[in-house]
Protein chains: 2
Amino acid sequence: MNIRVEKLRSKLSELSLDAILISQTENRRYLSGFTGSAGYLLISPDRAIVTTDFRYLEQAGLEAPDFQVIRITGEPPKWFPDLAATLGGQKIGFESTDISFAMYQALTQALAQSQAAKHLRLIPVQQVVEPIRAVKEESELKLMQQAAALSDAAFEHVAATIAPGVTEKQIAWALEKYLKENGSGPLPFDIIVGSGPNSALPHIRPGDRPVQEGEPIVIDVGARWKGYCSDLTRTIWLGKPDKKLTQVYDIVLAAQLTAMATMATSMTGEQADRLARTVIEQAGYGEAFGHSLGHGVGLVPHEFPRLGSGSTDVLANGMVLTDEPGIYITGWGGVRIEDMVVMENGRPKSLSHARKQS
Amino acid sequence: MNIRVEKLRSKLSELSLDAILISQTENRRYLSGFTGSAGYLLISPDRAIVTTDFRYLEQAGLEAPDFQVIRITGEPPKWFPDLAATLGGQKIGFESTDISFAMYQALTQALAQSQAAKHLRLIPVQQVVEPIRAVKEESELKLMQQAAALSDAAFEHVAATIAPGVTEKQIAWALEKYLKENGSGPLPFDIIVGSGPNSALPHIRPGDRPVQEGEPIVIDVGARWKGYCSDLTRTIWLGKPDKKLTQVYDIVLAAQLTAMATMATSMTGEQADRLARTVIEQAGYGEAFGHSLGHGVGLVPHEFPRLGSGSTDVLANGMVLTDEPGIYITGWGGVRIEDMVVMENGRPKSLSHARKQS
């Protein structure tokens, strides 16, 4: 018995759905175990089907033993009506943030034209699997700890080699090489290395700029371990930091540690974000903290819940989250500090142990 | 004057649209030059706008000088109605294969609730920018040649080092390292290395299997050069090939070279696919060639046109395409041979020069 599928089946019943089409890649993997790059799940109270094309048939059979594997050819409008008609019921949910408008139109049309399936209705649903996936099982937490340890080690290893004149790109590549040579899967996101004024761009791509003494160097790096991602940011400097850097760094660190010390389960994502934001606002840099405090991490580097303004997502034990406030000043630079935490006994416990400069 | 935007404007008029919302990342980059990971374009006959959040404002201004940069906060339903209302007209196209059903619903609702924008209608359109992007300009072809030369060099370099006992993963990592250390951007796709029976899975992930003498080793690798992708597959072996390998290899090579010699502009993607498929079918392996002959390549590794069954896409000069037939036999292995070509004076010219074993 697949407990993840059973949790989803409870949701189907809450949502009055007779079945659900799962199209989102990581949701498919999470529920079935099938890691191929193409395929769908169709899950009803008594059936669990994975559909994929000829390229992945063998793999799907091996990886998803709890599922019936059905070979498909072509896009869902070709095979979905006949298959869905065999499930019984009428209302089939689909992941409306993943299915494109064009695919929805084509599916609707295909159902209408099918004698066997014209009674079926497609019901858009959102965040059905994601909140299940957000709460990690023990086995998942072990993998996430390993992912976090790997990005910690990569950072520590490479940070020790950074000297004036080394370029952002060289730093990023040294990190990537360390990660890959020490077992990381495909990196969860492009490594960010921004130095001096470049660090004012939170998502800067590493360039040919040589790093210099005294300026901020923001490094944002993640590993992937058996599918699970980590996410770590450190801001460092060479030599003596300029005065502004010391000041800004201490504010960001205070905000980051405040969130770490006061975040708790049952808070909303907006409330968690506020913990750090208040510190930065009161220090006079509210406008310069232009992104959210953090996000869930798992099979996807940015996943449910969202820790930011307007988020009603509720924090719960077992969730793995980032705590990553920042201050960005155009023309000067930026500071961001990010740890990945797991909510445990109501409180965050850090999974990131890379040294913070001070 | 931006010639790409002008081509799009001609299409707007053909489609009776007053403006178009561009959400697809590479289409945004192609039209505007803006390479950030978040943003939209809004293009009307007399305006060209790029919207992005605070993280990318500086970058958008630098990279998209022909565009007006507008700062946005939040998702399109928050800012789109007011901005779209300033454009004049009524019918605004959107990329329906890129916009999710949920986003379409939220946008429609936001328009209906906006006093200024409730007269606007969202019109789903598909493959508006992609066929423009498919025909490469001279400057793009230069970059694609460089991307192809880089994957050729990586293959040649690493192929020379493969010996019995080296694992698939080690081969893939050696390729990746060569590519990155020689200037490749983020790899366009995960490198495929499949040996022996693993090579029967066309999209196998490299594993810990050591390669052995006599068996097929399929290597599918691409580089990215200033955004542009290459795509190359070679099947090699160590020592003396087993008899089946020699036979299957020669059939695939014949099919690949036949497509190369007979493909021509004005053919449909289905007709091009047929050229190679006929050779494989007549050799008795039709069932074992389970994928399409090829696809366009550019800013996206798989893009318009599609060279496969049912494709009515028409080949034209300036298109960069792959020619990649294959034969896959469960339990034994597979062979795929892929060159990237540019259509020039009506015929394909190969951009791939890596040695084919024979």
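What follows is a walk through a predicted model with two chains, from the way the copies meet down to a few single residues. Because it is a prediction, local features need pLDDT of at least 70 and side-chain atom pairs count only at pLDDT 80 or more, while totals for chains, interfaces and linings use all residues. Residues are numbered from 1 along each chain as its sequence is written, and chains are lettered from A and ligands numbered from 1 in the order in which they are written.

Let's start with the pair. A turn of 180° and a shift of 0.0 Å along the axis lay chain A on chain B with an RMSD of 0.0 Å; the superposition is by least squares on the C-alpha atoms of residues with pLDDT of at least 70 in both copies. That is the relation of a two-fold axis. The contact itself draws 26 residues from chain A and 27 residues from chain B, where two residues are in contact if their C-beta atoms, placed from the backbone, lie within 7 Å. On the chain A side, the elements giving two or more residues are helix 3 (57-63), helix 5 (101-112) and helix 8 (168-181). Helices (H or I, at least four residues) and strands (E, at least two) are DSSP runs here, numbered from the N terminus. Helix 5 of chain A gives the most, with 4 residues. By class, this side of chain A has 10 nonpolar, 11 polar and 5 charged residues; Ala, Val, Leu, Ile, Met, Phe, Trp, Tyr, Cys and Pro count as nonpolar, Asp, Glu, Lys and Arg as charged, and the others, Gly among them, as polar. And 100% of the interface residues of chain A are also interface residues in chain B, so the copies meet through the same surface.

Now look inside chain A. It splits into domain 1 (3-132) and domain 2 (135-350), with bounds from an automatic or database domain assignment. The C-alpha centres of these two domains of chain A lie 35 Å apart. Where they touch, 7 residues of domain 1 meet 6 residues of domain 2. Helix 2 (25-32) and helix 6 (130-134) of chain A each supply at least two residues of the domain 1 side.

Over in chain B, helix 2 is worth a stop too. Of its 8 residues, 6 are buried, so this helix is largely enclosed by the rest of the structure; buried means 20 or more other C-beta atoms within 10 Å of the residue's own, exposed 12 or fewer, and partly exposed in between, with C-beta atoms placed from the backbone. Among the buried ones are Arg28(B), Arg29(B) and Tyr30(B). They pack, with the other buried residues of this helix, against helix 1 (3-14), strand 1 (19-22), strand 2 (40-43), strand 3 (48-52) and helix 6 (130-134) of chain B. Right after helix 2 of chain B comes Gly33(B), with a positive phi near 95°.

Further along chain B, 3 strands make an open antiparallel sheet in the order 7-8-11; strands pair if DSSP finds at least two bridges between them. Strand 7 (192-195) and strand 11 (232-236) of chain B are at the edges, each with a single partner strand, so one side of each is left without a neighbour in the sheet. Strand 7 of chain B is joined to strand 8 (residues 217-221) by 4 bridges, and Ser195(B) stands opposite Ile217(B).

Finally, Lys244(B) sits in helix 9 (residues 243-262) of chain B. Lys244(B) is partly exposed, with 14 other C-beta atoms within 10 Å.
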